[in-house]
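Grab a pencil and get ready to find your way around a protein. Try each task on the structure before you peek at the solution.

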Amino acid sequence: MTMIVTGGAGFIGANFIYYMRENHPQERVVCVDKLTYAGNLSTLRPILEDPAASETFRFLRADICDRAAMQALFEEEKPDCVVNFAAESHVDRSIEDPEIFLKTNILGTAVLMDMCRQYGNIRFHQVSTDEVYGDLPLDRPDLFFTEETPIHTSSPYSTSKASADLLVMAYYRTYGLPVTISRCSNNYGPYQFPEKLIPLMIANALENKPLPVYGEGINVRDWLYVGDHCRAIDLVLRGGRIGEVYNIGGHNEMRNIDIVRLICRELGKPESLITYVTDRKGHDQRYAIDPAKIHRELGWLPETRFADGIVRTIRWYLDNRSWWEEIVSGEYREYYRRHYGE
Ligand code: NAD
Ligand code: TDX
């Protein structure tokens, strides 16, 4: 079995590759990644430097929008399935400049599915997000996103992901491509780029820099440890019904400010570092996933409690300082200055 994993030098894709090597070591993984600012080969270094892995792992630097490059790859590898993690993934960047989100997230997905059609109706899994459902009000804790919740997006990012999802379902209905989609809540864990809430707050706190909380910090996110997401994708790939959407989440809702306070506590840093900054435009209030379908059909349940996962994650950033210090490029520093000011 050969699996193409796109975006495997990013946060969740890399965790998925490590998951695959541990749980399905006999399967060949071909990682395709453009290595944007968010993709880091150093994350995959242990596999790349392991001579024993050369049969079962290959890395290709390429853009999923590059039809010729994808054609050559599919021709050579004749994959059995494709898992598409490759995306522009940061909401704030999509607000600043939407175009690359439309290219990579929509057109890139279309190119991959065209290849799947052309090379024998290859199994395709799209890694999507709960953000396609828009947001829920803060004063209705009884409401959750199910797979039937209408798509209702807020940001250019979530709109690009929702557009891709619609296209995936169109390829299923029109061409009979064997597809599945998973929509997960916010992930945290090792190898997450420091622009996202949890690693940003850990990295800034360690350097005694201000901790920029948007608005009043009362927006709610539903956090899931990345390893639980990887296991869920694996289950959907192997046992999910074709043409179906599966929501993934662990009923772990938290306000942003409570996460930031917890990080301060764990690191022994003063809460005076917390700085309230201008709110994100169109800021989604609350995400909350109902994971009943994946539990019922595939037996999935999260295994990592937030209290354990967050301590493990903070410890990982402490123990792997060189990883995040090295990957913070000039481009990121420039973005940080533009977005947060000096
Ligand atoms: P990430 O930004 O850390 O990684 C994205 C990876 O894709 C990077 O390695 C980047 O180099 C690569 N990439 C970008 N454009 C590419 C292109 N045109 N061709 C090839 N590679 C390209 O993102 P992530 O947080 O790991 O998210 C992975 C997927 O999961 C995304 O599709 C995202 O929408 C989805 N998702 C993320 C979360 C979350 O909390 N992070 C939650 C739900 C769903
Ligand atoms: O500096 C910050 N201050 C702050 O208050 C940042 C970067 C974020 N926030 C808030 C905004 C959100 O309410 O924290 C919350 C989480 O923000 P992000 O880490 O940017 O994640 P979010 O916008 O919720 O989107 C994430 O989850 C769904 C991922 O980035 C997406 O790729 C995924 O699809």
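## Exercise 1: A glycine and its contacts

Task: which residues does glycine 215 touch, leaving out residues up to four places away in sequence?

Solution: Start at glycine 215 and look for heavy atoms within 4.5 Å. You should find Tyr276, Val277, Thr278 and Asp279. Keep in mind that this is a predicted model.

Next, place the glycine: glycine 215 sits in the loop that links strand S8 (211-214) with strand S9 (220-225). Finally, check a distance. Threonine 275 is 60 residues away from glycine 215 along the chain, yet their C-alpha atoms are 9.9 Å apart.

## Exercise 2: Walking across the sheet

Task: work out in what order the seven strands of the open sheet lie, and which ones form its edges.

Solution: Step across the sheet and you'll read S3-S2-S1-S4-S5-S6-S10, with parallel pairing. Now look at the ends: strand S3 (57-61) and strand S10 (245-248) each pair on one side only, so they're the edge strands. Ignoring direction, neighbouring strands here are turned by 20 degrees against each other on average.

## Exercise 3: Zooming in on S5

Task: how many bridges join S4 to S5, and which helices lie across S5?

Solution: First, the bridges. Strands S4 (residues 81-84) and S5 (residues 123-129) run parallel, joined by four bridges. For instance, asparagine 84 has glutamine 126 in S5 as its bridge partner.

Then add the helices. Helix H5 (residues 99-118) lies across S1, S4 and S5, at about 165 degrees to S5. Helix H6 (residues 156-175) lies across S5 and S6, at about 155 degrees to S5.

Methods. Residues are numbered from 1 along each chain as its sequence is written. Chains are lettered from A and ligands numbered from 1 in the order in which they are written. This is a predicted model: local features need pLDDT of at least 70, side-chain atom pairs count only at pLDDT 80 or more; totals for chains, interfaces and linings use all residues. Side-chain values use heavy atoms; hydrogens and water are left out. Two strands pair if DSSP finds at least two bridges between them. Helices (H or I, at least four residues) and strands (E, at least two) are DSSP runs, numbered from the N terminus. Axes are lines fitted to C-alpha atoms, for helices over the stretch in contact, and angles run from 0 to 180 degrees between N-to-C directions.
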